[in-house]
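Let's walk through this structure together, moving from one residue to the places around it. Keep the 3D view open as you read.

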Amino acid sequence: MPKEKADPDKPDKTQPTSGEAFRECLEALNRNLAEGLRTADRLQRDASRLVQESARLAAEMAEQRREMGRLRDRLHRAEDSRAAREEELRCAHEMAERADRAKARFLTAASHDLRQPIQAAALYAHILRGAVGTNPAAREAADLLQASIDSLSGMLSGLLDLARLEAGAVDVAVTEFRPDTLMRRLAQEFRASATTEGTSLHVHPCGVAVRTDARLLERILTHLLSNAIRHGGGDGRRVLLGCRRRPGAVEFQVWDDGRGIPPDARAAIFEEFHQLDNPERSAAKGFGLGLPLVARTARLLGLTLDLRSQVGQGTVFTVTVPRADLPPEPDRRLTAAARAIAAAATSAAVAASPTDRMRGRRVLLVEDDERVRHAMTMLLKRWGVRVTAVGSAEELADRLPRLRSRPHVVLADHRLPRGQTGRTVAELVRRRWDVPVVIITGDTAPERLREARSIGCRLLHKPVEPGDLAATLDDVMEG
């Protein structure tokens, strides 16, 4: 059947009415509004959290700024404290340097001022011993006086050396050298004292070069030999100075077959003034300074010092020194004819003593200490020397133009009035004559020796033994 046409005036039940559409729009609007409210509530909560987080972060940042301020304050205080500590350290360092300079000045002054009267006493004692003749009582008194002066001089030298080591005022000059000549010379020097003690002294060099300070090594061996002869010798006993080769080193050893050292005393013997067998403090047995000087000198040089001893059998002190590689020495052997010529020349040279050869020679003496100047003048005149003596560089400058004859040698104290020195004397005299100059000083600092060598002068240390003085004057005048 044909479909019926729709009647436009008749309502269509399939299309919503206007009320329904309104309700649907209203519901959709309500839903959107509810969703918007929920979104707004969520955003409000998020905003609230953001506000709280911002407040927390602001609080943390404020706390961090306060902490940074505290750290900055601590840093400033630390910098101020560090600067204060640096200033304290600088002041302490300056005080230590001033103390070291004061010690050096004291040691120099003490060395000079204390040696001056000893030098005068030694010279007068020597003159006295030559003047007493054969009178036994006078000879004994003169010998005892000389022994007392020697004892005082030895103690003073030991104390000053110890003080210089403690103050760090000892210079070290490390060189490479062969110690055989040094060892033989020491054995020769100690042979007389060993014989007096009833001890036989032997030396065994090893022909190996070493690397150390030769002057300080000689002091170490000198003290060890003196100690061995005084305390380990006697009654036909033996003392040996020898050396042994070791890999990269040489061991210098001083042996004795004496009474030995008990184990509980081996540390104490290196303390000042400590002696095992001298309760009566006899000066003939030393003063207990030799081994402390050995220990401190070895420590200064970085050498190993070792002690082995057995009670009743003896003692050996060992000093280990680095080896050096020096080329072998040239063959110094002489032919028979050369030995004969050398022997004849030696015999002719020793036929006359140094004092005999100095007779008629002229010595210009510059010494500010009146006692030493007078004693030195007396001694030189007893040797037949013509002496011109002055007390200062100014007096020398005044006398020099009036001197008619050139002196054979100038003998000058190092330390003179108004800051003048032996160098001043040498320069004054050498403006007129080329004369050998011997400088005498109580200052044992190595600088004195270097200074004397730099101006071509010999150096002697007070108190000077008359024999050493005569040998030196004879040597420079012959040269």
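**A tour from strand to core to surface**

Start at Arg-244, which you will find in strand S4. Please keep in mind that this is a predicted model. Is Arg-244 buried, exposed or partly exposed? Its relative accessibility is 41%, and because partly exposed covers the range between under 20% and over 50%, Arg-244 counts as partly exposed. Setting aside residues up to four places away in sequence, Arg-244 touches Ala-249, Val-250, Glu-251, Gln-253 and Trp-255. You can also look across to Gly-207, which is 37 residues from Arg-244 along the chain, with 9.8 Å between the two C-alpha atoms.

Now turn to the interior. The largest nonpolar core has 37 residues, and those touching the most other members are Ile-220, Leu-224, Leu-225 and Phe-252. Two or more residues each come from helices H3 (180–196), H4 (214–232) and H5 (290–301), and from strands S4 (238–246), S5 (249–256) and S7 (314–322). H4 supplies the largest share, with 8 residues.

Phe-252 is a good place to pause. Beyond its neighbours within four places in sequence, Phe-252 is in contact with a list of residues including Pro-179, Met-183, Leu-217, Leu-221, Cys-243, Phe-317 and Val-321. Apart from this core lies another, of 23 residues, with Ala-375, Leu-380, Ile-440 and Leu-460 among them.

Finally, visit the surface. Phe-22, Leu-26 and Leu-29 make a nonpolar patch of about 320 Å². Leu-29 belongs to helix H1, which spans residues 18–131. With a relative accessible area of 53%, Leu-29 is exposed, because the cut-off for that class is over 50%.

Methods: Residues numbered from 1 in each chain as written. Predicted model: local features only at pLDDT ≥ 70, side-chain atom pairs only at ≥ 80, totals over all residues. Heavy atoms only, no water. Core = buried A, V, L, I, M, F, W, Y, C linked by side-chain atoms within 4.5 Å. Buried < 20%, exposed > 50% of the residue type's maximum accessible area, 1.4 Å probe, protein only. Helix = DSSP H or I, 4+ residues; strand = E, 2+ residues; numbered from the N terminus. Contact = heavy atoms within 4.5 Å. Patch = residues over 30% accessible without salt bridge, like charges linked within 9 Å, V, L, I, M, F, W, Y side chains within 5 Å. Areas by Shrake-Rupley, 256 points an atom, 1.4 Å probe, with all protein chains shown as cover. Salt bridge = Lys/Arg side-chain N within 4 Å of Asp/Glu carboxyl O.
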